[in-house]
Amino acid sequence: MKEVSSINKNTDEIKAEVTVEKKEDANRRGILRNKTYLYMTEFFAGMAVMAVELSASRLLAPYFSSSQIVWTIIIGTIMISMALGNIYGGRSADKDPNPDRLYKRLAIAAVWIAAIPVLGKYIILLVSGVMIIAINQNFLIIAAFTSCMVIFVYPLFLLGTVTPSLVKYTVDSLDDNGKIVGSLGASNTIGSIIGTFLPTFVTIPAVGTSITFLIFSGVLLVLSLIYFISVKRKTIFIIICSVLFILCSIFGNSDSFAFWQKDLTYEGESIYNYLQVKEDDKSIILSTNVLFGVQSITIKDGSLSGMYYDYALAAPLMAGINDTSEGEVLILGMGTGTYAKELLKYFGGLHVEGVEIDEKITELARKYFDEPEEAVVTTYDGRAYLQAVEKKYDVIMVDAYQDITIPFQMSTKEFFTMVKKHLTENGVMVVNLNMYSDAEGSISEYLCDTIGNVFPYVSIVEVEGYTNSVLFASMNKDAVYDVLISKSSDFDEEFVNLMSTVNDRLKVYTAGDNILTDDKAPVELLGMKEIDVRITEELSYYKDVYQEKGIKGLLEELGL
């Protein structure tokens with residue numbers, strides 16, 4: 001009898017445990033009985049992945065540029081993360097089909113993404129600092145890839161577990177599994193589409209990259225919180241996640257990439273660029289990149305800038321235009337109007353038109369840089385603008401190359417042929433060549449060879465004290481080899497001396513066979529190669545400091 005009683009007792013205990021487990025499972029899956037919530041999870045997870053990807057490009061761009069190479073690194077990193085997440089998520093769901101695990105991962109991913117605006121900039125600089133010491137070549141590629149791996153792999157790995165987990169919870173039988181999986185895939189794709197457009201056209205221009213990270217991480221956190229609140233579990237966990245998110249929102253609520261600079265007049269973002277305006281007693285400067293210098297400048301006393309804009313003033317003279325002559329000028333890459341302002345100062349008869357793809361830069365030009373109102377500015381891509389107009393110009397300035405970001409469509413033989421068709425008989429094209437180098441196989445050589453195969457007469461002058469050079473090209477044999485000033489002109493001494501300097505330094509360029517075309521223009525690789533050389537040269541000093549004084553001495557040298 002004792003044995004029977006013991007068996008009955010054990011059976012009752014087992015039944016009780018099963019009953020408890022069933023109740024817990026019922027509570028756990030309560031909100032998931034309605035498959036709408038599962039589809040919502042898939043939808044918002046897909047949206048968050050794309051939003052993070054696009055925001056990642058904006059986080060990295062001020063430090064590593066926004067070239068196709070950087071985009072390749074971002075996309076490759078995300079695809080690796082998602083693939084690993086898919087594998088892990090599927091195995092985890094088969095092993096333990098507990099929805100708690102999925103929504104816990106979502107919450108962790110949300111907090112991690114929310115922390116990116118707080119820590120991301122410091123991680124990038126830390127990684128870059130380590131790369132300075134550790135490597136000698138391919139600095140930007142390795143530093144960008146390492147930064148991307150450290151910052152983005154883990155949260156996107158967690159988001160990659162969503163789809164296989166949801167398939168496990170959503171499919172009830174083999175009869176409709178195809179339909180269910182298809183619906184989940186559609187939900188993810190639609191979310192991804194919206195997650196592509198929202199950051200680019202709404203959140204980043206309106207509130208910045210940092211807030212964009214916080215918005216989409218907040219959506220993920222809310223999904224997780226709703227689940228755990230509904231099943232009445234993980235109370236401490238959701239409180240911790242919520243507190244961390246709030247702290248990240250407080251300390252990460254900033255669009256400052258150059259956080260070490262405290263005296264910026266303006267810092268913000270547009271659809272195309274990170275932008276900063278800084279001012280001192282002598283000048284106002286626009287930069288579109290934290291690490292790569294000046295894009296536009298205004299000298300407050302009205303004197304020449306000392307930069308490539310001044311050298312480019314030779315172009316109207318080459319085209320036969322003097323201080324009182326009438327003429328038409330088109331600037332592709334208007335910026336804040338530095339070149340336009342100098343042209344109108346010295347050549348009063350010119351009519352100047354500018355094309356600038358970034359409307360925000362034009363707004364800043366009007367607000368901070370006193371861009372001349374008589375210079376008409378069109379918001380458009382430079383090449384597309386040439387395709388849309390029939391007008392011919394005496395001078396066309398191509399100034400669309402920023403740091404290592406060279407738009408390939410404005411670097412090819414087809415583009416320069418289009419420019420040639422829009423020049424008058426004696427017209428001159430003038431091009432600002434960033435990071436000019438006469439080394440074999442450099443981006444400069446490719447651009448110059450390409451131009452030289454379109455225009456028979458090409459000359460180049462290097463800008464003293466800068467890495468820029470200015471290229472002049474024309475169909476007129478006598479135009480670009482001499483800078484002639486009419487004796488009847490009334491230019492000031494500063495300008496006359498500058499033009500004399502340009503004339504003395506002009507070098508005839510003989511084109512080679514390195515041609516960039518619409519079909520083949522590897523400007524990103526060529527530009528990355530050139531900047532890598534420049535960085536290596538610049539960082540050699542700091543490597544010497546590190547070798548002599550160690551990490552402490554290096555930090556002191558950097559002022560940290």
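Is Lys360 buried, exposed or partly exposed? In this predicted model, Lys360 is partly exposed, with a relative accessible area of 27%. The legends below describe this residue and other charged side chains.

**View A. A salt bridge within helix α13 joins Lys360 and Glu363.** The side chains of Lys360 and Glu363 meet at an N to O distance of 3.7 Å. The two residues lie three positions apart in helix α13 (residues 359-368), so about one helical turn separates them. Lys360 has a relative accessible area of 27% and is therefore classed as partly exposed. Its partner Glu363 is likewise partly exposed, at 44% relative accessibility.

**View B. Arg383 and Asp518 form a salt bridge.** The closest N and O atoms of this pair are 2.7 Å apart. The contact links distant parts of the chain, as the two residues are 135 residues apart. Arg383 belongs to helix α14 (residues 382-388), whereas Asp518 lies in the loop between β12 (507-508) and α18 (523-557). Arg383 has a relative accessibility of 12% and falls under the 20% limit, so this residue counts as buried. Asp518, by contrast, is partly exposed, with a relative accessible area of 30%.

**View C. Glu328, Glu353 and Lys391 belong to one salt-bridge network.** These three residues are joined through salt bridges that share partners. A search of the whole structure finds nine salt bridges.

**View D. Arg233 and Asp100 are paired in a salt bridge.** A distance of 2.6 Å separates the closest N and O atoms of Arg233 and Asp100. This pair, too, links distant parts of the chain, with the two positions 133 residues apart in numbering. Arg233 is placed in the loop between α8 (209-231) and α9 (235-251), and Asp100 in helix α4 (residues 99-134). Asp100 counts as buried because its relative accessibility is 4%, under the 20% limit. Arg233 is partly exposed, with a relative accessible area of 28%.

**View E. Lys95, Arg101, Lys104 and Lys234 form a positive surface patch.** One of these residues, Lys95, is found in helix α3 (residues 68-95). The relative accessible area of Lys95 is 78%, over the 50% limit, and Lys95 is therefore exposed. The other members of the patch are Arg101, Lys104 and Lys234.

Note on methods:
Residues numbered from 1 in each chain as written. Predicted model: local features only at pLDDT ≥ 70, side-chain atom pairs only at ≥ 80, totals over all residues. Heavy atoms only, no water. Patch = residues over 30% accessible without salt bridge, like charges linked within 9 Å, V, L, I, M, F, W, Y side chains within 5 Å. Areas by Shrake-Rupley, 256 points an atom, 1.4 Å probe, with all protein chains shown as cover. Salt bridge = Lys/Arg side-chain N within 4 Å of Asp/Glu carboxyl O. Lys, Arg positive; Asp, Glu negative; His and termini not counted. Charge placed at Lys NZ, Arg CZ, Asp CG, Glu CD. Helix = DSSP H or I, 4+ residues; strand = E, 2+ residues; numbered from the N terminus. Buried < 20%, exposed > 50% of the residue type's maximum accessible area, 1.4 Å probe, protein only.
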